[in-house]
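Work through the exercises below with the sequence and the model open side by side, and try each task before reading its solution.

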Amino acid sequence: MDKNVLICAAGLGLASLIGSGIGALVKHIPHKLNDVFLGFCAGMMLAASLVCLIMPSIEMLPLSQCWQSLCGVALGVLLIALLDHVTPHLHRLSGLDIEKHPNTSTTNRVFLFVLAIAMHKFPEGLATGVAFDGGDMSNAYSLSIAIALQNIPEGMVVVTPLIMIGVSAFRVLNISLLVALLEVLGVCVGYWIGDLSEIFLPSMLGLAGGAMLYVISDEMIPETHAHGYEKPATYALIAGVMLMLLIEKLSI
């Protein structure tokens with residue numbers, strides 16, 4: 001496997017662990033700070049999903065075959081929507097908010113929590129891995145930077161509620177490691193899938209982009225608007241979009 005892919009996979013996992021470590025030390029993250037930082041990361045990921053995944057997917061194809069990219073985006077959205085339907089939202093299951101899912105009462109709470117984390121982490125890693133097969137290393141690195149930055153506040157948000165609801169330190173450590181490994185695995189699987197055949201690469205890029213768009217719209221943006229700090233979170237999102245566009249421009 002390409003060493004650049006392995007380096008980025010390790011970087012994403014490390015960023016997640018750093019966020020978890022900060023969350024374990026701080027134990028209480030001010031909502032305003034979390035919402036602003038998460039909004040900034042949502043903006044970076046929004047730009048990255050479009051510029052680094054969906055647009056390259058479309059550009060690989062003649063106009064008559066762009067349906068492959070569109071189908072890929074739709075499939076990515078449907079895939080994450082299905083996972084969203086059968087697993088609880090990670091910020092709600094944590095105990096900060098209440099949201100009932102049909103299977104919550106019959107399944108171990110921690111197991112569901114891990115599944116909810118996987119819903120976010122694995123597709124993000126998948127998107128990064130697929131991007132490395134697109135032939136444009138600048139796109140792949142830009143996407144990696146956006147996701148790595150997002151991993152820090154997400155790692156903090158994941159660990160802090162676990163501590164609040166009384167999960168043991170040993171189990172919190174195991175869950176943090178699992179979160180990081182899931183993303184590393186996603187990168188490797190994404191690279192492997194994209195490397196199988198260039199025929200499917202446009203669809204795979206579209207799928208990864210669609211999955212990211214769903215997570216941004218359904219999870220990240222609503223979370224940043226849930227505590228009364230939607231204005232600064234919106235400004236941060238716009239700043240994140242512009243920074244990612246600048247990073248992409250400088251990396252060309």
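**Exercise 1.** In which helix does Leu-17 lie?

Solution. Leu-17 lies in helix α1, where helices are DSSP runs of H or I with at least four residues, numbered from the N terminus. The model is predicted, so that local features need pLDDT of at least 70 and side-chain atom pairs count only at pLDDT 80 or more, while totals for chains, interfaces and linings use all residues. Residues are numbered from 1 along each chain as its sequence is written, and side-chain values use heavy atoms, with hydrogens and water left out.

**Exercise 2.** Determine whether Leu-17 is buried or exposed, or falls in between, and then place Leu-17 in its surroundings.

Solution. With a relative accessible area of 32%, Leu-17 is partly exposed; buried means under 20%, exposed over 50%, and partly exposed in between, using a 1.4 Å probe and protein chains only. Leu-17 belongs to a nonpolar surface patch together with Leu-14, Ile-18, Ile-22, Leu-25, Val-26, Leu-173 and Leu-177, and the accessible area of these residues together is about 700 Å². Such a patch is made of Val, Leu, Ile, Met, Phe, Trp or Tyr residues with over 30% relative accessible area and no salt bridge, whose side chains are joined within 5 Å; a salt bridge is a side-chain nitrogen of Lys or Arg within 4 Å of a carboxyl oxygen of Asp or Glu. Accessible areas come from the Shrake-Rupley method. Helix α1 gives the most to the patch, with 6 residues, and both α1 (3-26) and α7 (169-196) supply at least two.

**Exercise 3.** Which residues of α1 are buried?

Solution. The buried residues in α1 are Val-5, Cys-8, Ala-9, Leu-12, Gly-13, Ala-15, Ser-16, Gly-19, Ser-20 and Gly-23.

**Exercise 4.** Follow Leu-12 to a residue of α7, and describe the setting of Glu-183.

Solution. Glu-183 lies in helix α7 and, at 0% relative accessibility, counts as buried. Leaving out residues up to four places away in sequence, Glu-183 touches Leu-12, Lys-121, Glu-124, Gly-125, Ile-147 and Asn-151, contact meaning heavy atoms within 4.5 Å.

**Exercise 5.** How far apart are Val-130 and Tyr-191 in sequence and in space?

Solution. Val-130 is found in helix α5 and, at 2% relative accessibility, is buried. Although 61 residues separate Val-130 from Tyr-191 in sequence, their C-alpha atoms are 4.9 Å apart. Beyond residues up to four places away in sequence, Val-130 touches Gly-190, Tyr-191, Leu-201, Met-204 and Leu-205.

Methods
Patch = residues over 30% accessible without salt bridge, like charges linked within 9 Å, V, L, I, M, F, W, Y side chains within 5 Å. Areas by Shrake-Rupley, 256 points an atom, 1.4 Å probe, with all protein chains shown as cover.
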